[in-house]
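Dear colleague,

I am handing over the structure below, and I would be glad if you could look through it alongside the notes that come after it.

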Amino acid sequence: MRCVKCKATASVEVRRHNAAYCGPHFLEWFEHQVQRAIDRERMFTRSDRVLVAVSGGKDSLVLWDVLLRLGYRVTGLHLNLGIGAYSALSQEKCENFARERKAELLVVDIPATYGAGVEELARLTGRVVCSACGLSKRYLFNKVALEHGFDVVATAHNLDDEAAVLLTNLIAGNVEALVRQAPMLDRTHPALVKKVKPLYRIAERETAAYAVLRGIDYVLDECPNSVGARTLLLKEALNLLEREAPGTKQSLYWNFLEKLRPLLLSHHPSAEVQSCLHCGQPTTTEVCAFCRMTERAAARLQVRTLGRPQPVASAI
Ligand code: SF4
Ligand code: ZN
Ligand code: ZN
């Protein structure tokens, strides 16, 4: 297998593009794909301040690395979820990455700030852990971005993530979630920061290859709560299809974005956004879901400090 650019021995194959690349040309291709995504979806410019959500896993550290290399004004945001050794190691990887590149990192320690980690919040409120975790992430990404004056929040969802989530939403007939699934969600309310996914054109195995070629040190273990997750099963099913018919994931997601989502949008007006009566963050209900969750947990614990303390993020 030869590199399509220089005919040297290829080290990464991109079957859906019917191409293969040597290391340097793969890195060039990868960065070009990210740049294309940013430009095509008008995600942000070089004058915008970008907050990139970093978990310590390969995808988010790769995204942070690429955006720094492309010359964007990027700051990392890490949420310590309070999931034992996994969270401690994840934070350490983010801090090491930031230190080595002299990049700015904000950290929110959820247990220290809200009195309980996502697992305990879930237990106290009768939620599934990933639901409490996803809610906390969505809330804190927006809150931190708003409070620190960022123009946009970037997350590292890749093509595999988006295709699997799309299947989940289609199977469940979750129209609300389908309407919200896009590589760029613009600011529709002064308190709702723009959200973007610059890796949506890139497959998971390609971010892994990029991480290896760039020597990025990331958390190898998956979150213990991801074991048995339905999304993983759907990813396996999509990988099977992709092996037999390269390009399946891309066609599924891109056709959805180009043909189906516009139809859904035209029939589904977005819900009215208001300010949460308790914390002021944007919500479609009087009190936002995050306040309801943390307040319910606080009542259970009878811990007075579990409300909404300040500051929510600290820089290292
Ligand atoms: Fe959060 Fe872990 Fe669930 Fe992912 S798998 S949503 S990190 S609890
Ligand atoms: Zn080459
Ligand atoms: Zn609230």
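The notes below take the metal sites in turn, then the surroundings of the remaining ligand, and end with the backbone.

Please keep in mind throughout that this is a predicted model, and that every value given here was computed from its atoms.

I begin with the zinc ion that is written as ligand 2, whose protein donors are the SG atoms of Cys3, Cys6 and Cys22 together with ND1 of His25, lying 2.1 to 2.3 Å from the metal. Because the four donor atoms subtend angles of 99 to 114° around this zinc ion, the arrangement is tetrahedral. For comparison, the ideal angle for four tetrahedral donors is 109.5 degrees. Along the sequence, the donor residues of ligand 2 follow the spacing C-x2-C-x15-C-x2-H. Cys3 belongs to the segment before β1 (12-14), whereas His25 belongs to helix α1 (residues 23-40), so this pair ties together parts that are 22 residues apart in sequence. Cys3 itself counts as buried, with a relative accessibility of 0%.

The other zinc ion, ligand 3, is coordinated through the SG atoms of Cys276, Cys279, Cys288 and Cys291, at 2.2 to 2.4 Å. Here the angles subtended by the four donor atoms run from 104 to 116°, and the arrangement is therefore tetrahedral. The spacing of the donor residues of ligand 3 in sequence is C-x2-C-x8-C-x2-C. Since Cys276 sits in the loop between β9 (274-275) and β10 (282-283) while Cys291 sits in helix α12 (residues 289-301), the pair ties together parts that are 15 residues apart in sequence. Cys276 is buried at a relative accessible area of 4%, and Cys291 is buried at 0%.

Turning to ligand 1, the residues around it are Leu81, Val129, Cys130, Cys133, Lys137, Cys223, Asn225 and Ser226. Sorted by class, this shell holds five nonpolar residues, two polar residues and one charged residue. Of these residues I looked further at Cys223, which is placed in the loop between α9 (204-214) and α10 (230-244). With a relative accessibility of 16%, Cys223 counts as buried, and its C-alpha atom is separated by 6.7 Å from that of Tyr86, although the two residues are 137 residues apart along the chain.

Tyr86 falls within the range of helix α3 (residues 84-101), and this helix joins β4 and β5 in a right-handed β-α-β unit. The two strands, β4 (residues 73-80) and β5 (residues 104-109), run parallel and are joined by six bridges. Within this pairing, Asn80 has Asp109 of β5 as its bridge partner.

Finally, two backbone positions deserve a look in your viewer. Most residues other than glycine have a negative phi. Lys7, though not a glycine, has a positive phi of about 70°; Lys7 is placed in the segment before β1, and is exposed, with a relative accessible area of 54%. Asn18 is likewise not a glycine and has a positive phi of about 55°; Asn18 lies in the loop between β1 and β2 (19-21), where it counts as exposed at 72% relative accessibility.

With best regards

How values were computed:
Residues numbered from 1 in each chain as written. Chains lettered and ligands numbered in written order. Predicted model: local features only at pLDDT ≥ 70, side-chain atom pairs only at ≥ 80, totals over all residues. Heavy atoms only, no water. Donors = N, O, S within 2.8 Å, 3.2 Å for Na, K, Ca; no water. Tetrahedral: all angles 85-135°; square planar, octahedral: opposite > 155°, others 65-115°. Helix = DSSP H or I, 4+ residues; strand = E, 2+ residues; numbered from the N terminus. Buried < 20%, exposed > 50% of the residue type's maximum accessible area, 1.4 Å probe, protein only. Near = heavy atom within 4 Å. Nonpolar A, V, L, I, M, F, W, Y, C, P; charged D, E, K, R; others polar. Pairing = 2+ DSSP bridges. Right-handed = clockwise from strand over helix to strand, strands pointing away.
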